[in-house]
Amino acid sequence: MKEHKGIFVFAEQRGGKLSDVGLELLGIGRKIADKQQEELAAVLIGHKVKPLVDELGEYGADRVYLADNPLLEVYRSDAYAMLMQEIIQQYKPNILIMGATSIGADLAPRVAAKVNTGLSAHCVGLDVDDKGQFVGQVPGFGGAVMASVICPNHYPQMATARPGFFEKLERQKGRKTEVVNVDAKFKEGDLGIKVVGTFVEELKSRPLEDADIVVAGGYGVGGKENWKLLEELAEVLGGGVGATRPPCDEGWADLEGQMIGQSGKTVRPELYIGVGISGAMHHLVGMKNAKVIVAINKDPQAPIFQAADYGIVGDLCQIVPRLIEAMRISP
Amino acid sequence: MKPVNSVVCMKPVPDQRFWDKVRLDKKTKTLRRAGIPIALGPLDKMALEEALRIREARGGKVTAISMGPPGTEEILEWAIVLGADDAVLLGDPAFAGADTLATAYALAWGIKKLGGADLIFLGNESLDGSTGQVGPQVAEFLGMSHVTHVSKIELVDEDTLRARFHIEYGFIDVEVKKPVVLAVEKGINEPRCPTLWGTVWLRERKISHWSADEIGVDKTKIGLSGSPTQVSDVTTIELKRKGEILTGEPSDVARQLVQKLRAENVLPKG
């Protein structure tokens, strides 16, 4: 009998809404659980979050560990880490996965240190090998290399996983899940960290990760005027606009949250069109899973052409307007 | 007001300009980075800057600490040139091959030997590994609170500070009592530039070298053998696609591309 059993996923919630990455991790978690013939559990921490339990079940969780307390409404590292530690010590999971969001990346290492186990960070691939060993794929050096990280002698085997790399299961309305209430009797005085304020930005547009088509620009776009061409192309295609670091730093447009790559967003659109982008590794890792990649650049030696399905060598001021025309004629 | 003693944890990383020179040793599955210069990451500079500003406001001391191979002295020298009072290098072959847990454990014991700290600063994530794990783990080993993704710090009173934890599309402001570990992110400050006085200052300072024995760690918890995670395989990423170059007049290539994309079924359905 194995002592450590079960695949546990931290179901991050903010303001009573489940994060996408938590549901994505239930998707990959379900596959691993089935392969291992183990249970898939979600850990849900917050206040008045019971309504989310059904949703977790419908996305694949066999069981939900629920901790509810008014002090847990907003994330706080000490309280959440303590609860995770209690859950781990009592229920002894084999594998524990959290989203590599700010909150997940803040919580996971603390929990790993508390229970003395290993944690692979910001994984872009998760699987179990033939021997049942959990393996996390971790990109390094700006994405130039990929390491397979394992944790063979400590439990739970932990990983944080980047949002946007795993697929949610189709929601099965009415799928049942079992709820296990976790004791969370905190008082304010027990905790070292006090939340004094929160702020949530209003989203101006759909997050880039959700766009089916992404038009991205790099330093080669050259300036604000040309940037408008990219925006127009994206508009014609009903897509989003992304960027490499230089246009963000240069301020050619309001690109808050639009940077793609190792230190920005990861996108997986049906179509990615890169304009004036040379193709540095730290950008490519953020878009390499696009179904079709198109590159437009005046330098025929630009590395992005190697990573593209279709390339056009030329001046973007000539090409992009023609492309906009051609797309308009043949939508 | 009581003076504030800060420790800044710094990581030696291979200079980003030379990353394409990092080669994979196919046999040992490790990265060969010999000959690649070591650099101080931008977030480490911001962590140091934040500590220096608090010293300027409140008095106290700033100590830089790092764990790393020979050559790591260089980033600690930078810290002194920029204004750190002291610097400590945990330099011992026994520390080599550490993952984040073993690294955090060693740093925590180094900080214990320093007599602890009111505030421990570090960059939210390193340039090379970018795990962002060491801060919370140092905090756990020292029994302190931690806040990561810190984009703003305000001292409230003797024992309390307010930190802004930057999360996706927003932030959480927290109040936390000293001692605390703060992992700072880009934009928290504009680090100062080195001055000539800094280099003079450097000549009067000595970087302390501490071995594993000197900081009294449990040797089963450091280095490769103290690391629960292992790298089982390393591969370079293959990104190559068909790379079909379309040629002709601009209007012609535009038409060709639209046809190809239509055939791939990736254009919006009109």
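In the predicted model examined here, Asn116(A) is classed as partly exposed because 13 other C-beta atoms lie within 10 Å, a count that falls short of the 20 or more required of a buried residue and is above the limit of 12 or fewer for an exposed one. Asn116(A) is placed in the loop between H4 and strand E7 (119-123) of chain A, and, although it is not a glycine, its phi is positive, at about 55°. A positive phi, near 65°, is also found in chain B at Asn265(B), again a residue other than glycine. Asn265(B) belongs to the segment after helix H7 (250-264) of chain B, and it counts as exposed because 11 other C-beta atoms lie within 10 Å, where the limit for an exposed residue is 12 or fewer.

Helix H4 (residues 102-114) of chain A, which precedes the loop of Asn116(A), packs against helix H3 (residues 77-91) of chain A, with axes that come within 9 Å and cross at roughly 50°. H3(A) is therefore oblique to H4(A), and the crossing of the two helices is right-handed. On the side of H3(A), the contact is formed by Ser77(A), Tyr80(A), Ala81(A), Met84(A) and Gln85(A), and these are met by Asp106(A), Leu107(A), Arg110(A), Val111(A) and Lys114(A) of H4(A). Sorted by class, this contact comprises five nonpolar, two polar and three charged residues.

H4(A) also takes part in the interface between the chains, in which 76 residues of chain A are in contact with 66 residues of chain B. Nine residues of the side of chain A that touches chain B come from H4(A), the largest share contributed to that side. The composition of this side of chain A is 42 nonpolar, 22 polar and twelve charged residues.

Chain B contains seven helices and 15 strands, and its C-alpha trace extends over about 70 × 45 × 40 Å along the principal axes. Of the 270 residues in chain B, 49% are buried. Among the contacts in chain B that link residues at least 6 apart in sequence, 70% are between residues at least 24 apart.

Within chain B, helix H2 (residues 73-82) has as its buried residues Ile75(B), Leu76(B), Trp78(B), Ala79(B), Ile80(B) and Leu82(B). Just after H2(B), a positive phi of about 135° is adopted by Gly83(B). The axis of H2(B) comes within 7 Å of that of helix H5 (residues 196-203) of chain B, and the two cross at roughly 120°, so that H2(B) and H5(B) are oblique to each other. The crossing of H2(B) with H5(B) is right-handed. In this contact, Glu77(B), Ile80(B), Val81(B) and Leu82(B) of H2(B) face Gly198(B), Thr199(B), Trp201(B) and Leu202(B) of H5(B), which by class amounts to five nonpolar, two polar and one charged residues.

In soluble globular proteins, nonpolar side chains tend to be buried together. In the present model, the largest nonpolar core has 134 residues, and those with the most contacts inside it are Val43(A), Leu44(A), Val8(B), Ala79(B), Ala106(B) and Leu182(B). Helix H3 (residues 100-113) of chain B supplies nine residues, the largest share of this core. A second, separate core consists of 57 residues, among them Ala243(A), Met259(A), Ile277(A) and Ile296(A). When residues up to four places away in sequence are left out of account, Val43(A) touches Phe8(A), Phe10(A), Ala11(A), Tyr65(A), Met84(A) and Ile87(A); Met84(A) is also one of the residues through which H3(A) contacts H4(A).

Several loops carry further backbone features. Tyr155(A) and Pro156(A) are joined by a cis peptide bond with an omega of about -5°, and Pro156(A) is situated in the loop between strand E10 (145-150) and strand E11 (157-161) of chain A. In chain B, a cis peptide bond with an omega of about -5° joins Lys178(B) and Pro179(B), and Pro179(B) is in the loop between strand E11 (170-177) and strand E12 (180-184) of chain B. Gly35(B), in the loop between strand E4 (30-32) and strand E5 (38-40) of chain B, counts as exposed because it has 8 C-beta neighbours inside 10 Å. Its C-alpha atom is separated by 9.7 Å from that of Phe18(B), which is 17 residues away along the chain.

Notes
Residues numbered from 1 in each chain as written. Chains lettered and ligands numbered in written order. Predicted model: local features only at pLDDT ≥ 70, side-chain atom pairs only at ≥ 80, totals over all residues. Axes fitted to C-alpha atoms, helices over the stretch in contact; angles between N-to-C directions. Helix = DSSP H or I, 4+ residues; strand = E, 2+ residues; numbered from the N terminus. Parallel < 35°, antiparallel > 145°, perpendicular 65-115°, else oblique. Left-handed = near helix turned anticlockwise from the far one by under 90°. Contact = placed C-beta atoms within 7 Å. Nonpolar A, V, L, I, M, F, W, Y, C, P; charged D, E, K, R; others polar. Core = buried A, V, L, I, M, F, W, Y, C linked by C-beta atoms within 7 Å.
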